[in-house]
Amino acid sequence: MKKLLTRNQAAEYLKSLGLRSSKMTLARQAMSGEGAKYVLIGRTSYYTKEWLDEWLESQMKPQTHLKGA
């Protein structure tokens, strides 16, 4: 069984990777369908590190800016 993280622990995990994150940010992303996968057990949301890492990888798209455009 994979270790489950509460939403607060998930935010702390993302912070440990250098991201600005909070429990409320994760909640907003969950409600909009834009965040990492999670499960509800009772009324509590749980994440796994693997799901958070997958979501983070999907967000890593290099950006370029054109000069003079």
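Three strands make up an open sheet, in the order E1-E3-E2, with antiparallel pairing. E1 and E2 are the edge strands, each with a single partner, so one side of each has no neighbour in the sheet. The model is predicted. Its largest nonpolar core has twelve residues, and a search of the whole structure finds two salt bridges.

**The sheet**

- Strands of a sheet pair through backbone hydrogen bonds, and the pairing is either parallel or antiparallel.
- Strand E1 covers residues 5–6 and strand E3 covers residues 44–47; the two run antiparallel and are joined by two bridges.
- Within that pairing, Thr-6 stands opposite Tyr-46 in E3.
- Strand E2, residues 39–41, pairs with E3 over three bridges, also in the antiparallel sense.
- Ile-41 has Thr-44 of E3 opposite to it.
- E2 and E3 form a hairpin with two residues between them.
- In the turn of this hairpin, Gly-42 has a positive phi of about 70°.

**The nonpolar core**

- In soluble globular proteins, nonpolar side chains tend to be buried together.
- The twelve residues of the largest nonpolar core here are Leu-5, Ala-10, Ala-11, Tyr-13, Leu-14, Leu-26, Ala-30, Ala-36, Tyr-47, Leu-52, Trp-55 and Leu-56.
- Helix H1 (7–16), helix H2 (23–32) and helix H3 (49–59) are the elements that each give two or more residues to this core.
- H1 gives the most, with four residues.
- Leu-26, a member of the core, is in contact with Arg-7, Ala-10, Ala-11, Leu-14, Ser-21 and Tyr-47, leaving aside neighbours within four places in sequence.

**Helix H2**

- Leu-26, Ala-27, Gln-29 and Ala-30 are the buried residues of H2.
- Seen down the axis of H2, these buried residues fall within an arc of 165°, so they line one face of the helix.
- That buried set packs against H1, E3 and H3.
- The face of H2 turned away from the buried side carries the exposed residues Met-24, Arg-28 and Met-31.
- Met-24 counts as exposed because its relative accessibility is 52%, and the cut-off for exposed is over 50%.
- Between Met-24 and Ala-11 there are 9.0 Å in space, C-alpha to C-alpha, and the two are 13 residues apart in sequence.
- After H2 comes Gly-33, which has a positive phi near 80°.

**Helix H3**

- The buried residues of H3 are Trp-51, Leu-52, Trp-55 and Leu-56.
- Around the axis they cover an arc of only 135°, which puts them on the same side of H3.
- The elements they pack against are E1, H1, H2, E2 and E3.
- Among these buried residues, Leu-52, Trp-55 and Leu-56 also belong to the largest nonpolar core.

**Charged side chains**

- Side chains of opposite charge can pair when their charged atoms come close.
- One salt bridge is between the side chains of Glu-12 and Lys-15, at 3.6 Å, N to O.
- Glu-12 and Lys-15 are three residues apart in helix H1, so about one helical turn separates them.
- Glu-12 is partly exposed, with a relative accessible area of 43%, and Lys-15 counts as partly exposed at 39% relative accessibility.
- Another salt bridge is between the side chains of Glu-54 and Lys-37, at 3.2 Å, N to O.
- This pair links distant parts of the chain: Glu-54 lies in helix H3 and Lys-37 in the loop between H2 and E2, 17 residues apart.
- Glu-54 counts as partly exposed at 43% relative accessibility, and Lys-37 is partly exposed with a relative accessible area of 47%.
- Arg-7, in helix H1, is buried but has no salt bridge.
- The nearest side chain of opposite charge to Arg-7 is Glu-12, 13 Å away.
- Not counting residues up to four places away in sequence, Arg-7 touches Lys-23, Leu-26, Ala-27, Ala-30, Tyr-38, Ser-45 and Tyr-47.
- Of these contacts, Leu-26, Ala-27 and Ala-30 are among the buried residues of H2.

Note on methods: Residues are numbered from 1 along each chain as its sequence is written. Side-chain values use heavy atoms; hydrogens and water are left out. A nonpolar core is a set of buried Ala, Val, Leu, Ile, Met, Phe, Trp, Tyr and Cys residues joined through side-chain atoms within 4.5 Å. Buried means under 20% relative accessible area, exposed over 50%, partly exposed in between (1.4 Å probe, protein chains only). Contact means heavy atoms within 4.5 Å. Lys and Arg count as positive and Asp and Glu as negative; His and the chain ends are not counted. A salt bridge is a side-chain nitrogen of Lys or Arg within 4 Å of a carboxyl oxygen of Asp or Glu. Two strands pair if DSSP finds at least two bridges between them. The arc is that of the directions from the helix axis to the C-beta atoms.
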